[in-house]
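Trainee: I have a new model open and would like to talk it through with you. Shall we go through it together, one question at a time?

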Amino acid sequence: MAALLARGLAERGDVVRVAATGTDALDAACTQEFDVLVLDVMLPDRDGFAVCRELRERSVWTPVLMLTARTTVGDRVHGLDVGADDYLTKPFAFAELLARLRALARRGAAERPAVLAVGDLTLDPASRRVARGGAEIELSPREFVLLETFLRSPGQVLSRDQLLEHVWDLAYDSRSNVVDVYVRYLREKVDRPFGRASLETVRGAGYRLVDDEAKT
């Protein structure tokens with residue numbers, strides 16, 4: 001399969017490198033620049049899921065297409081959760097593969113970590129785990145979504161209206177103090193027990209999440 005794909009892509013004028021193992025794929029992706037990576041799941045030494053997760057942990061943001069015979073919903077969800085950008089199952093049409101690769105190449109290598117982090121505060125959307133310095137923190141579903149919203153825009157001031165739109169629904173009046181209440185809940189769980197002050201109030205504008213350790 002790898003040889004057939006390489007030949008088909010090369011005939012189009014693409015430059016292709018084939019890696020036979022997960023270790024080889026990691027070495028190549030970490031030391032060379034590629035427009036897109038195509039990863040099979042069933043590799044001889046480590047599976048494609050592990051390769052993809054490690055790439056993201058090493059801050060390699062090259063778009064990844066998982067190409068595999070594993071077709072269950074759980075497999076597809078797992079592939080996307082570990083950092084893949086697309087998931088195509090075998091058998092497939094070569095024309096569709098090409099279209100997906102073109103779409104991924106247009107997207108480029110923007111940062112999109114599987115685990116969100118600001119300083120030592122981390123949030124894993126897939127496992128729904130939150131931790132500060134390795135200590136796990138229990139959050140309610142709404143608190144989790146609010147923290148995820150802050151972590152996706154680190155250092156950026158988010159207004160109450162923006163937070164209402166992302167975390168709640170249109171049923172909430174913009175005059176409601178629900179945002180302030182839940183920010184206070186978050187501070188009681190992710191900041192104060194650790195002697196931190198990462199959730200800042202910006203007077204007249206809203207709130208922002210910062211790495212307060214970086215300021216010391």
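Trainee: Happy to start with T62: is T62 buried or exposed?
Mentor: Keep in mind that this is a predicted model. The cut-off for a buried residue is under 20% relative accessible area. T62 has 9% relative accessibility, so T62 counts as buried.

Trainee: Where is T62 found, and which residues does T62 touch?
Mentor: T62 is found in the loop between α3 (48–57) and β2 (64–68). Leaving out residues up to four places away in sequence, T62 touches F34, D35, V36, L37, R56, D85, A109 and R112.

Trainee: L37 is on that list. Which residue in β2 stands opposite L37?
Mentor: Strands β1 and β2 run parallel and are joined by three bridges. Across from L37, in β2, stands V64.

Trainee: Which strands stand at the edges of the three-stranded sheet?
Mentor: The sheet is open, with parallel pairing and the order β1-β2-β3. An edge strand here has a single partner strand, so one side is left without a neighbour in the sheet; that describes β1 (37–39) and β3 (86–89).

Trainee: There is also an open sheet of four strands. Which strands are at its edges?
Mentor: The order is β4-β5-β6-β7, and the pairing is antiparallel. Neighbouring strands of this sheet are turned by 25° against each other on average, direction ignored. Two strands each have a single partner strand, so one side of each is left without a neighbour in the sheet: β4 and β7 (135–137).

Trainee: Within that sheet, what is the bridge partner of T122 in β6?
Mentor: β5 and β6 (residues 129–132) pair in the antiparallel sense over four bridges. The bridge partner of T122 in β6 is A131.

Trainee: Now for α6: how many of its residues are buried?
Mentor: α6 lies across β4, β5 and β6, and runs at about 115° to β5. The buried residues in the helix are E143, F144, L146, L147, E148, T149, F150 and L151. Of the 11 residues in α6 (residues 141–151), the number buried is eight.

Trainee: Which residues touch the most other members of the largest nonpolar core?
Mentor: Nonpolar side chains tend to be buried together in soluble globular proteins. Here the largest nonpolar core has 25 residues, and those that touch the most other members are V130, L139, L146, L147, F150, V179 and L209. The elements that give two or more residues to this core are β4 (116–118), β5 (121–124), α6, α7 (160–167), α8 (178–191) and β9 (206–209).

Trainee: Let me stay with V130. Which residues is V130 in contact with, leaving aside its neighbours within four places in sequence?
Mentor: V130 is in contact with L121, T122, L123, A135, E136, I137, L139, F144 and L147.

Trainee: F144 appears there. Which residue has its charged end over the ring of F144?
Mentor: F144 is one of the buried residues of α6. The charged end over its ring sits 4.0 Å from the ring centre, and it belongs to R128.

Trainee: One last topic, the aromatic pair. Which residues form the pair?
Mentor: A search of the whole structure finds one such pair. The pair is edge-to-face, with 5.0 Å centre to centre and 70° between the planes. The partners are three residues apart in helix α8, which means about one helical turn between them: Y182 and Y185.

Trainee: Which accessibility class do Y182 and Y185 fall into?
Mentor: Y182 has 21% relative accessibility, so Y182 counts as partly exposed. With 36% for Y185, that residue also counts as partly exposed.

Notes
Residues are numbered from 1 along each chain as its sequence is written. This is a predicted model: local features need pLDDT of at least 70, side-chain atom pairs count only at pLDDT 80 or more; totals for chains, interfaces and linings use all residues. Side-chain values use heavy atoms; hydrogens and water are left out. Buried means under 20% relative accessible area, exposed over 50%, partly exposed in between (1.4 Å probe, protein chains only). A nonpolar core is a set of buried Ala, Val, Leu, Ile, Met, Phe, Trp, Tyr and Cys residues joined through side-chain atoms within 4.5 Å. Contact means heavy atoms within 4.5 Å. Two strands pair if DSSP finds at least two bridges between them. Rings of Phe, Tyr and Trp (its six-membered ring) pair if their centres lie within 6.5 Å; planes under 30 degrees apart count as stacked, over 60 as edge-to-face and the rest as tilted. A charge sits over a ring if NZ of Lys or CZ of Arg is within 6 Å of the ring centre and within 35 degrees of the ring normal. Axes are lines fitted to C-alpha atoms, for helices over the stretch in contact, and angles run from 0 to 180 degrees between N-to-C directions.
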